[in-house]
Amino acid sequence: MQRNVYFVTLPGVMSLDLTGPAEALRLAGQFHLHYIGPQAEVVMSTGLTVSHLQPLPESLPAGSILIMPGVAESAENFASPVAQIACDWLHQQKGAIEAGDLTLVCICSGSLLAGKAGLLDGYQCTTHHDVIGRLRQQVPAAQVKDNRIFVEDRSVLTSAGISAGIDLALHLIATHLGPQAALDVAREMVVYFRRGGDDPQLSPWLRYRNHLHPAVHRAQNLMAAEPESAWQVEDVAAKAHISSRHLTRLFRQHLGISVRDYHEQLRIAIAQQRLQQGAGIEKAALAAGFSSARQFRRAQERWESVQG
């Protein structure tokens with residue numbers, strides 16, 4: 001069953017805020033996309049015209065996803081009479097959002113209009129770094145977070161600027177269709193699949209990707225491609241074109257774990273996969289690069305105690 005997604009499309013809408021998440025959701029194949037707004041036609045930030053927009057509906061089907069993209073020149077465009085109509089309509093959705101019947105997704109500066117509509121009071125949220133100060137000032141009851149690609153708080157999800165909307169769309173796909181579906185879409189779009197590290201059920205291929213540092217991504221990609229290899233920090237750093245000392249510091253800063261620990265989690269996941277496929281524990285451990293089943297069990301127990 002396809003899930004309904006409604007994009008509130010206003011004059012000056014940021015092109016990638018709209019088309020990035022829309023394309024990701026389209027590729028997933030299980031979302032029915034609608035484009036709504038107070039006007040039937042608007043000009044996007046790039047000068048392209050979007051027409052045949054549907055009127056703002058009186059209500060949305062339960063389980064729908066409501067997406068509020070950002071706009072260029074938000075101080076001006078969100079102060080327009082057209083934006084006020086959308087703001088009033090958004091406020092009418094507050095009850096459904098708080099009840100969990102409707103999921104609110106704000107991309108970039110879209111958080112500003114949602115905040116103005118009273119939808120972010122009491123929620124953790126974020127927005128583009130250029131307007132995060134305005135969001136704090138305009139919505140003092142919101143818990144605004146810095147340096148986040150996206151933030152999820154109950155049925156309200158908000159993202160940072162522009163391309164971060166794709167990350168948030170991939171998160172939605174993973175939530176509703178599973179991580180593999182999101183990975184497939186990310187590969188099709190040739191983008192990183194970055195997820196928040198607060199989800200303990202995720203495999204290490206999906207965890208610890210909620211950052212923007214390219215060198216750390218390069219290092220992660222190297223180890224994820226050959227987790228059974230005997231990676232040393234110096235080798236990973238050299239291939240990632242960075243010093244080992246700096247890479248160690250970046251892993252701690254952006255992931256909260258060491259390079260060695262990240263590699264070990266990959267190996268544990270490989271061994272667990274082999275066990276699920278029917279391999280004995282010794283063969284599973286060796287296939288994952290452990291020296292023995294005993295070493296694998298000790299690593300597994302250590303991480304279980306940390307996560308427990």
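## A tour of the model, stop by stop

Of the 308 residues of the protein, 50% count as buried. Keep in mind as you look around that this is a predicted model.

**Stop 1: the whole chain.** Show everything as a cartoon and colour by secondary structure. You should find 14 helices and 10 strands. The radius of gyration is 22 Å, close to the 19 Å that the globule rule gives for 308 residues, so the protein is as compact as a globular protein of that length. Turn the C-alpha trace onto its principal axes and the spans come to about 70 × 40 × 35 Å. Now switch on a surface: about 14600 Å² is exposed, and carbon and sulfur atoms supply 49% of that area. If you like contact maps, here is one number for yours: among contacts between residues at least 6 apart in sequence, 59% join residues at least 24 apart.

**Stop 2: the largest nonpolar core.** Hide the surface and select Val8, Leu10, Leu66, Leu90, Leu104 and Leu120. These are the residues with the most contacts inside the largest nonpolar core, which has 35 residues. Next, colour the elements that each supply at least two residues of this core: strands E1 (3–8), E5 (64–68) and E6 (102–106), together with helices H3 (81–92), H5 (110–116) and H6 (132–138). Which of them gives the most to the core? H3 does, with six residues.

Zoom in on Val8 and show what surrounds it. Leaving aside neighbours within four places in sequence, Val8 is in contact with Ile36, Leu66, Ile67, Met68, Pro69, Ala86, Trp89 and Leu90. Before moving on, select Phe7, Ala22, Leu33 and Ile173 in another colour: they are among the members of a second, separate core of 34 residues.

**Stop 3: helix H3.** Go back to H3 and pick its two end C-alpha atoms. They are 17 Å apart, which agrees with the 16 Å that 12 residues should span at 1.5 Å a residue. Then show the side chains of Val82, Ala83, Ala86, Cys87, Trp89 and Leu90, the buried residues of H3. Look down the axis: these residues cover an arc of only 165 degrees, which puts them on the same side of the helix. The background is simple: an α-helix has 3.6 residues a turn, so residues three or four places apart point the same way. On the other side of H3, select Pro81 and Gln92, which are exposed.

What covers the buried residues of H3? The list includes E1, strand E2 (31–36), E5, helix H2 (74–77), helix H4 (94–98) and H5.

**Stop 4: helix H9.** Jump along the chain to H9, residues 214–225. Its 12 residues reach 16 Å from first C-alpha to last, close to the 16 Å expected at 1.5 Å a residue. Select Ala215, Val216, His217, Ala219, Gln220, Met223 and Ala224 to see the buried residues of this helix. Their cover includes helices H10 (233–239), H11 (244–254) and H12.

**Stop 5: around H12.** Follow that cover to helix H12 (residues 259–276) and pick out Glu264. Is this glutamate buried or exposed? At 11% relative accessibility, with under 20% as the cut-off, Glu264 counts as buried. Not counting neighbours within four places in sequence, its contacts are Phe290, Ala299, Arg302 and Trp303.

Now step back to the loop between H11 and H12, where Ile257 sits. Ile257 is buried too, with a relative accessible area of 8%. Beyond residues up to four places away in sequence, Ile257 touches Tyr208, Phe251, Arg252, Tyr262, Gln265 and Trp303. Try a distance label from Ile257 to Tyr208: the two are 49 residues apart in sequence and 9.1 Å apart in space, C-alpha to C-alpha.

For a contrast, visit Glu188 in helix H8 (residues 179–189). At 56% relative accessibility, Glu188 counts as exposed. A label from Glu188 to Gly37 should read 30 Å, C-alpha to C-alpha, for a pair 151 residues apart in sequence.

**Stop 6: two histidines with positive phi.** Finish with the backbone torsions. His52 has a positive phi of about 60 degrees although it is not a glycine. You will find His52 in the loop between strand E4 (49–50) and E5, and at 75% relative accessibility it counts as exposed. His241 also has a positive phi of about 60 degrees without being a glycine. Look for His241 in the loop between H10 and H11; it is exposed, with a relative accessible area of 67%.

Key. Residues numbered from 1 in each chain as written. Predicted model: local features only at pLDDT ≥ 70, side-chain atom pairs only at ≥ 80, totals over all residues. Heavy atoms only, no water. Core = buried A, V, L, I, M, F, W, Y, C linked by side-chain atoms within 4.5 Å. Buried < 20%, exposed > 50% of the residue type's maximum accessible area, 1.4 Å probe, protein only. Helix = DSSP H or I, 4+ residues; strand = E, 2+ residues; numbered from the N terminus. Contact = heavy atoms within 4.5 Å. Expected span 1.5 Å × (residues − 1). Arc of directions from axis to C-beta. Rg over C-alpha atoms; globule rule 2.2 N^0.38 Å. Areas by Shrake-Rupley, 256 points an atom, 1.4 Å probe, with all protein chains shown as cover.
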